[in-house]
Amino acid sequence: QMQTLKSLQERFSVSSTPIREALTRLAEDDLVVSYSNVGVNVIEIGERDLRELYQFMGDLDGLAILYASRYPNQAEVIDALEQNIRKTASIYQDREMTPPEIEEWTSSSDQFHLIFYDFCQNQRLTRAAQKQRSQLTIFSNMYEASREFQISIEKGHEAILETYRNGQYQETAEKMREHLGQSLEYALKCLEKLHDGKDR
């Protein structure tokens with residue numbers, strides 16, 4: 001839905017300056033499309049966008065893993081990954097999760113990937129990944145992950161941790177790419193369902 005500067009001012013009860021600043025930042029991150037003298041739209045993500053995003057994120061995450069492997073205190077990296085996996089698994093209590101729990105699970109699951117950036121010691125790589133992840137977040141907020149998919153994600157993270165713990169860093173990077181490839185397949189199915197829903 002197209003939003004104008006005036007409608008955003010009224011919605012958030014603020015002046016035009018913070019709205020313009022926020023829109024400028026969103027446009028810089030390619031999260032909104034601005035139409036001169038008309039308004040702005042949140043980006044639409046299609047099949048090609050998803051394929052490019054997940055492939056690129058796989059490459060970026062793989063690089064972050066290799067860079068993180070040079071961090072002086074590897075025990076610290078492994079501990080952060082282990083804590084994340086325990087936290088993510090603990091959110092699900094063998095029952096249907098509430099919307100806040102789903103949000104918490106998604107955030108915790110995403111954090112697993114971000115840990116490698118916390119230790120990669122390369123701000124440019126981290127900034128590039130943040131921009132791409134923001135676009136994926138827009139899409140992932142449009143669908144709800146099934147429990148089957150969540151279990152698959154958790155198992156993927158455990159496999160990535162295992163190879164990383166064993167010092168098999170190239171294999172870990174490859175497992176991360178495969179992991180994101182599986183997420184892509186799920187995302188494409190969700191995209192198809194979203195399009196089917198719009199067509200009805």
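Begin with the whole protein chain shown as a surface: its accessible area comes to about 12300 Å², of which 47% belongs to carbon and sulfur atoms, as computed by the Shrake-Rupley method with a 1.4 Å probe, where for residues only the protein chains shown count as cover. What is on screen is a predicted model, in which local features need pLDDT of at least 70 and side-chain atom pairs count only at pLDDT 80 or more, while totals for chains, interfaces and linings use all residues. Residues are numbered from 1 along each chain as its sequence is written, and side-chain values use heavy atoms, with hydrogens and water left out.

Switch now to a cartoon view, where the protein chain shows 8 helices and 2 strands, both taken as DSSP runs numbered from the N terminus (helices are H or I with at least four residues, strands E with at least two). Along the sequence these follow the pattern α-α-β-β-α-α-α-α-α-α. Of the 200 residues, 38% count as buried, meaning under 20% relative accessible area, whereas exposed means over 50% and partly exposed lies in between (1.4 Å probe, protein chains only). Among contacts (heavy atoms within 4.5 Å) between residues at least 6 apart in sequence, 72% join residues at least 24 apart.

Next, select residues 147–165, which form helix α7; its 19 residues reach 27 Å from first C-alpha to last, close to the 27 Å expected at 1.5 Å a residue, the expected span being 1.5 Å times one less than the number of residues. Colour the buried residues of this helix, among them F149, I153, H157, I160 and Y164. An α-helix has 3.6 residues a turn, so residues three or four places apart point the same way.

Move just past the end of α7 to G167, which takes a positive phi of about 75° and lies in the loop between α7 and α8. With a relative accessible area of 35%, G167 is partly exposed. Add S69 to the selection: G167 and S69 are 98 residues apart in sequence but 8.1 Å apart in space, C-alpha to C-alpha.

Turn then to the largest pocket, which holds about 870 Å³ of space. Of its 34 lining residues, the closest to its centre are T106, S107, D110, T137 and S140. On a 1 Å grid over the protein atoms alone, a pocket is an open set of points with protein on both sides within 12 Å along at least five of seven lines, a cavity is a set where a 1.4 Å probe fits but cannot get out, and lining residues have an atom within 4 Å of a point. Helices α5 (99–118), α6 (123–140), α7 and α8 (169–199) each supply at least two residues of the pocket lining, and α5 gives the most, with 14.

Stay on α5 and pick S108, which counts as buried because its relative accessibility is 3%. Leaving aside neighbours within four places in sequence, S108 is in contact with N84, K87, T88 and I91.

Finally, follow N84 and T88 to the largest cavity, whose lining consists of N84, I85, T88, E154 and H157. The structure holds 1 cavity of 30 Å³ or more, and the largest has a volume of about 40 Å³, a volume being the space filled by probe spheres set on grid points joined across faces, edges and corners. Helix α4 (74–91) and α7 each supply at least two residues of this lining, with the largest share, 3 residues, coming from α4.
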